[in-house]
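User: Please take a close look at a single helix in this model and at what surrounds it. I would like one connected account.

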Amino acid sequence: NQLLDIGRQIKQKKKKKKKKTVAGIDQDELLDPLLLADPDSCFFEFMGVSIHHKISSAEGDQWEESKCSSSRSCRLGLPMILLHGFGATVFSWRKVMKPLAHLVGSSVLAFDRPAFGLTSRVDYPPKPSSALMAASTHLSPYSTAFSSLVTLSFMDKLKGSDKAILVG
């Protein structure tokens, strides 16, 4: 009887589907970020990470001139990228994106860094069986270097500018 019980337990363990967890959180229990996103939310795939971001543009902006003390002639014309801190998200910038776009006379972009907001969470380091593990120089999506590369990539996305105003 004891051998039968052990056999049943082994069969039950094999039948149970292993849950995908990242940072101890069952990923099947999370809502799809696309369902939570605002209508003006965008997603950009970068090195296997889906980066949530929003862009406000000065073009066609209905921002009232009276709300701003600067004139069109002193606008910089450089895109602006807003970088949130630890524990914050794109949501932190929601009230200033349009006014800043008007002030600089260009696009303003804010993105959720990995592990924040609606940007995807990825398991790091990759599992040994993962193809990503084959590359010994795989970059952690949670590193400063990864955030820097994402920022540079967004600079390219914003009218191919080689200069941008960084705020954070």
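Analyst: What follows covers helix H4, a loop residue that touches it, and then a pocket. The model is predicted.

Helix H4 runs over residues 144-157. Its 14 residues should span 20 Å at 1.5 Å a residue, and its end C-alpha atoms are 20 Å apart, so the expected and computed values agree.

The buried residues of H4 are Phe146, Ser147, Val150, Thr151, Ser153, Phe154 and Met155. Several strands are among the elements that cover these buried residues: E3 (42-46), E4 (49-56), E5 (80-83), E6 (108-111) and E7 (165-167).

One of the buried residues, Ser147, is also a contact of Arg113. Arg113 sits in the loop that joins E6 to H4. Although 34 residues separate Arg113 and Ser147 along the chain, their C-alpha atoms are 6.9 Å apart. Leaving out residues up to four places away in sequence, Arg113 touches His84, Gly85 and Thr119 as well as Ser147. Arg113 counts as partly exposed because its relative accessibility is 26%, and the buried class ends at 20%.

Strand E4, which helps cover H4, also contributes to the second largest pocket, where it gives the most to the lining, with four residues. Helix H3 (97-104) supplies at least two lining residues. This pocket has a volume of about 220 Å³. Its lining comprises 16 residues, and those nearest the centre are Asp38, Lys54, Val90, Phe91 and Arg94. By class, the lining holds six nonpolar, four polar and six charged residues.

Definitions and conventions
Residues are numbered from 1 along each chain as its sequence is written. This is a predicted model: local features need pLDDT of at least 70, side-chain atom pairs count only at pLDDT 80 or more; totals for chains, interfaces and linings use all residues. Side-chain values use heavy atoms; hydrogens and water are left out. The expected span of a helix is 1.5 Å times one less than its number of residues. Buried means under 20% relative accessible area, exposed over 50%, partly exposed in between (1.4 Å probe, protein chains only). Contact means heavy atoms within 4.5 Å. On a 1 Å grid over the protein atoms alone, a cavity is a set of points where a 1.4 Å probe fits but cannot get out, and a pocket is an open set with protein on both sides within 12 Å along at least five of seven lines; lining residues have an atom within 4 Å of a point. Grid points are joined across faces, edges and corners, and a volume is the space filled by probe spheres set on the points. Ala, Val, Leu, Ile, Met, Phe, Trp, Tyr, Cys and Pro count as nonpolar, Asp, Glu, Lys and Arg as charged, and the others, Gly among them, as polar.
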